[in-house]
Protein chains: 2
Amino acid sequence: MKPNPPSSRGFSRRILLSTLAVMPALTGLLRANSALAQADPLPSWNDGACKSSITSFVARVTTQGGPDFVPPDQRIATFDNDGTLWVEQPMYVQLAFILDRVRALAPQNPTWKTRQPFKAVLDGDMKALAASGEKGLIELMAVTHAGMTVDEFTRTVSEWLATARHPRFRRPYTELVYQPMLEVLAYLRANGFKTFIVSGGGIEFMRPWTETIYGIPPEQVVGSSIKTRFEMRDGQPRLFRLPQINFIDDKAGKPVGINQHIGRRPVAAFGNSDGDLQMLQWTTMSGSGVRLGLIVHHTDAEREYAYDRRSHFGRLDLALDAAAVDKWALADMKKDWKRVFAFG
Amino acid sequence: MKPNPPSSRGFSRRILLSTLAVMPALTGLLRANSALAQADPLPSWNDGACKSSITSFVARVTTQGGPDFVPPDQRIATFDNDGTLWVEQPMYVQLAFILDRVRALAPQNPTWKTRQPFKAVLDGDMKALAASGEKGLIELMAVTHAGMTVDEFTRTVSEWLATARHPRFRRPYTELVYQPMLEVLAYLRANGFKTFIVSGGGIEFMRPWTETIYGIPPEQVVGSSIKTRFEMRDGQPRLFRLPQINFIDDKAGKPVGINQHIGRRPVAAFGNSDGDLQMLQWTTMSGSGVRLGLIVHHTDAEREYAYDRRSHFGRLDLALDAAAVDKWALADMKKDWKRVFAFG
């Protein structure tokens with residue numbers, strides 16, 4: 001073959017040089033594509049109907065000019081806590097706190113040894129404790145949640161959480177949060193949502209740790225509460241916790257709490273039990289526009305727990321039936337979650 | 001005179017050239033300085049102790065590494081509404097709403113013509129109305145604030161505000177907001193503060209307009225409330241307003257409401273009456289670090305109103321004494337405010 005003429009060789013060289021010049025840009029593009037491919041916002045979710053229902057909802061409400069666009073200030077998402085964001089078996093974490101506090105306070109209260117419901121707690125007699133019913137629980141709440149300032153209670157909760165361990169997983173409760181749900185929280189916030197907790201649990205029991213664990217500040221926590229009284233004591237103002245129920249943020253109380261606290265209707269709500277039924281109805285069945293309701297279904301006895309219709313804590317019965325009718329997404333823990341916790 | 005020797009001329013030229021080269025930068029600096037001078041964040045405030053107390057507080061808590069630095073998430077500022085952000089004379093705006101609503105509903109309630117406290121309202125007999133006391137007011141609240149859904153109430157408030165006029169200023173109430181306080185709200189937010197309303201007024205009465213008027217979203221409004229009930233009606237969820245007091249967010253109720261709703265202690269609080277005393281105590285007298293308490297003192301009968309210790313609405317008596325002792329800033333409306341409203 002003839003060698004290329006000088007002009008052609010010059011041309012090739014120019015092509016080579018210009019290609020080289022473009023290379024860094026190309027490399028950049030390739031990197032960007034690969035970053036996009038890797039940037040799954042929900043990496044702990046298996047692909048499937050449930051994951052798609054979350055991502056397609058977010059895509060629809062954030063598409064400016066689209067028919068389902070929701071302005072950022074109206075992107076309110078509410079999350080139940082127990083069983084939706086962290087573990088609620090074998091008992092609510094707050095109940096574990098109550099039982100530990102009763103044990104810790106027992107030496108200063110010698111009569112508790114013979115008096116119900118305290119005796120049941122000290123004997124570890126869960127059957128007798130259950131028999132004491134709501135009245136018994138209110139008595140336990142009174143001695144563990146009231147009779148101190150809000151600052152003192154906050155300190156007690158923080159100290160307990162630092163040392164308490166889950167009986168099965170042998171880890172702090174704050175590690176027993178669901179990694180896939182942490183990803184949903186972060187994904188929604190990255191898309192302009194304001195995320196709230198709306199829990200039947202105590203508002204002051206949750207606030208000391210929700211910001212660190214979930215990125216949810218105290219003012220975005222809605223929960224049950226007891227009454228407090230403001231008073232000046234030795235020239236210092238304080239809020240004193242009283243042994244009187246103020247508000248129960250459960251079942252039909254959840255929409256009431258949402259309206260009282262947030263003053264807007266959520267466009268997305270996440271729950272796991274019949275306690276969340278009305279919150280999901282309030283979120284998805286009124287107002288116009290696209291809405292997301294999602295129920296975490298505990299189906300994984302191996303990695304976490306499997307329970308629904310007959311459970312003592314977090315019973316999912318009416319809301320499971322409603323999910324089918326009202327087209328709420330069901331997160332099947334076993335099938336939809338690649339992993340449950342951040343560890344292991 | 002001898003002409004400059006060549007070297008000297010060259011030197012001069014160099015100086016001239018280098019000076020010219022610097023000119024754009026200098027011009028930029030001058031512009032920036034002049035922009036700074038113009039960018040007074042509180043242009044409706046006269047220079048003086050009160051204005052300085054606001055700006056120096058903000059400078060101290062936002063100086064990173066300084067002894068008084070407050071992280072952005074803890075920059076919570078609470079504002080009373082009536083008399084602090086908008087006019088409260090000759091009566092609370094919400095009371096004007098109640099009276100107008102009673103008149104509007106009277107045709108459907110013929111017995112009101114002869115029954116107190118309704119008769120007093122329909123006759124415009126303020127003395128008889130006052131005589132009906134708290135019991136009378138609760139009856140008026142019940143017929144004007146309860147017995148409808150939250151959505152219906154919101155609509156009613158919005159429609160009323162669109163047409164109601166202040167008896168003296170002949171303007172919509174939403175124009176009777178204090179321009180200097182709007183500037184404080186914006187200035188604090190520009191410095192990373194989250195601004196909340198904490199008012200004795202009805203939470204649902206305020207929420208329909210606080211975002212438009214003050215830039216404060218519904219979830220950052222704390223106020224008094226009546227109870228609501230969640231119910232499904234014809235397959236639609238709704239919240240129904242009941243004629244029962246839920247919470248009175250006034251006096252010692254304000255710290256309670258702040259704790260319930262925000263869950264953090266404010267670092268700055270703004271009020272104008274004895275109803276704000278405990279909020280200012282809670283904000284400024286506990287916790288560590290620099291705090292700001294400010295009281296709007298109505299001293300300007302010409303541009304607005306002059307009232308304090310003997311006033312019926314917004315009495316400022318105990319809190320005025322406390323201001324001196326506890327070093328709260330006093331905004332003397334006549335002296336400290338260049339203008340009161342945005343208009344005129």
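**Core.** I started with the largest nonpolar core, which has 145 residues. For this I took a nonpolar core as buried Ala, Val, Leu, Ile, Met, Phe, Trp, Tyr and Cys residues joined through C-beta atoms within 7 Å. Buried means 20 or more other C-beta atoms within 10 Å of a residue's own, exposed means 12 or fewer, and partly exposed is in between, with C-beta atoms placed from the backbone. The members that touch the most others are A:F196, A:I197, A:I295, B:I197 and B:I295.

Note to self: this is a predicted model, where local features need pLDDT of at least 70, side-chain atom pairs count only at pLDDT 80 or more, and totals for chains, interfaces and linings use all residues. Residues are numbered from 1 along each chain as its sequence is written, while chains are lettered from A and ligands numbered from 1 in the order in which they are written.

**A:F196.** I then looked up its contacts, a contact being two residues whose C-beta atoms, placed from the backbone, lie within 7 Å. Neighbours within four places in sequence aside, A:F196 is in contact with A:I76, A:A77, A:T78, A:F79, A:Q220, A:V222 and A:I262.

**Helix α9 of chain A.** Helices (H or I, at least four residues) and strands (E, at least two) are DSSP runs, numbered from the N terminus. In α9 (residues 203-214) I found A:I203, A:E204, A:F205, A:M206, A:R207, A:T210 and A:Y214 buried. What do the buried residues of α9(A) pack against? They pack against α3 (93-105), α7 (150-163), α8 (179-190), β2 (194-202) and β3 of chain A. Just after α9(A), A:G215 has a positive phi of about 75 degrees.

**Two chains.** I superposed chain A on chain B, by least squares on the C-alpha atoms of residues with pLDDT of at least 70 in both. A rotation of 180 degrees with 0.0 Å of shift along its axis does it, at RMSD 0.0 Å. The two copies are thus related as by a two-fold rotation axis. A:H261 is the residue of chain A that comes closest to the axis, its C-alpha at 3.3 Å.

**Interface.** I noted 28 residues of chain A in contact with 28 residues of chain B. On the chain A side, β3 (221-233), β4 (236-247), α10 (253-261) and α11 (277-284) each give two or more residues.

**B:F240.** This one sits in strand β4 of chain B. Buried or exposed? B:F240 is partly exposed, because 16 other C-beta atoms lie within 10 Å. Its C-alpha is 5.1 Å from that of B:R229, 11 residues apart along the chain.
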